[in-house]
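Open the structure in your viewer and keep the sequence panel visible. This tour goes from the whole chain to single residues.

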Amino acid sequence: MEDERSFSDICGGRLALQRRYYSPSCREFCLSCPQLSLRSLTAVTCTVWLAAYGLFSLCENSMILSAAIFITLVGLLGYLHFVKIDQETLLIIDSLGIQMTSSYASGKESTTFIEMGKVKDIVINEAIYMQKVIYYLCILLKDPVEPHGISQVVPVFQSAKPRLDCLIEVYRSCQEILAQQKATSTNP
């Protein structure tokens, strides 16, 4: 089963959450961010090139124009390959683990996998960000030395920064799977 709902991020931008239910013990959540706006890309490029042309008019050095074009192109490629994330995915399988995937605008993907045996819990935490309180979903990892301790906090959906209503949808579904996993691990 699959469904899609619209939510907003902490700045009011539109996000799309796709929920896929493969089985009662396997669910996937894909959070899609807005695509790169051609209007903003054109505005930034024109601003840089007009500033370079103004400097060229003053100095009459063609290296300024060449440098502006080169810096703009390299900056755009770097932004698309290392910064702009189009989609973040959380896949949770109760007997296996949790996989988080980030898909960049250039097509590059970054994947992190956490074994279910290392997961202590999934919680919604709060933080202060730019003079306001925001909420974020995070995975608490068990401390191998102290059984009741937490060794690491792994945030989920770092780039999209969805609001609380979206996080609650994902949180409830993840808690259902964690409850099933805990019930099956205690009852052989």
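Which pattern does the chain follow when read along the sequence? Colour the model, which is a predicted one, by secondary structure and trace it from the start: the pattern is β-β-β-α-α-β-β-β-β-β-β-α. That makes 3 helices and 9 strands. The radius of gyration is 22 Å, well over the 16 Å that the globule rule gives for 188 residues, so the chain is more spread out than a compact globule.

**The whole chain**

Zoom out until everything fits in the window. Along the principal axes, the C-alpha atoms fill a box of roughly 80 × 40 × 35 Å. Now switch on the surface. The chain exposes about 11500 Å², and carbon and sulfur atoms supply 59% of that area. Of the 188 residues, 31% are buried. Next, colour the charged side chains. There are 16 positive and 18 negative ones, and the centres of the two sets lie 3 Å apart.

**Two annotated stretches**

Select residues 36-56, then residues 62-82. An unreviewed UniProt entry annotates both with "transmembrane region". How much of residues 36-56 is helix, and how much is strand? In the model this stretch is 90% helix and 0% strand, with its end C-alpha atoms 30 Å apart. Residues 62-82 are 100% helix and 0% strand, and here the end C-alpha atoms are 30 Å apart.

**Cys11**

Go back towards the start of the chain and select Cys11. This residue sits in the loop that joins strand 1 (2-8) to strand 2 (14-23). Is Cys11 buried or exposed? Its relative accessibility is 66%, so Cys11 counts as exposed. Add Gln180 to the selection and draw a distance between the two C-alpha atoms: they are 35 Å apart in space, with the residues 169 apart in sequence.

**Gln131 and Phe157**

Select Gln131, in the loop between strand 7 (119-129) and strand 8 (132-142). Gln131 is not a glycine, yet its phi is positive, at about 65°. With 81% relative accessibility, Gln131 counts as exposed.

The last stop is Phe157, in the loop between strand 9 (150-156) and helix 3 (164-186). Phe157 also has a positive phi, about 55°, although it is not a glycine. Is Phe157 buried or exposed? Show the surface again to check: Phe157 has 5% relative accessibility. The cut-off for buried is under 20%, so Phe157 counts as buried.

Terms used
Residues numbered from 1 in each chain as written. Predicted model: local features only at pLDDT ≥ 70, side-chain atom pairs only at ≥ 80, totals over all residues. Heavy atoms only, no water. Helix = DSSP H or I, 4+ residues; strand = E, 2+ residues; numbered from the N terminus. Rg over C-alpha atoms; globule rule 2.2 N^0.38 Å. Buried < 20%, exposed > 50% of the residue type's maximum accessible area, 1.4 Å probe, protein only. Areas by Shrake-Rupley, 256 points an atom, 1.4 Å probe, with all protein chains shown as cover. Lys, Arg positive; Asp, Glu negative; His and termini not counted. Charge placed at Lys NZ, Arg CZ, Asp CG, Glu CD. UniProt positions renumbered as here; feature names shortened; annotations may be inferred.
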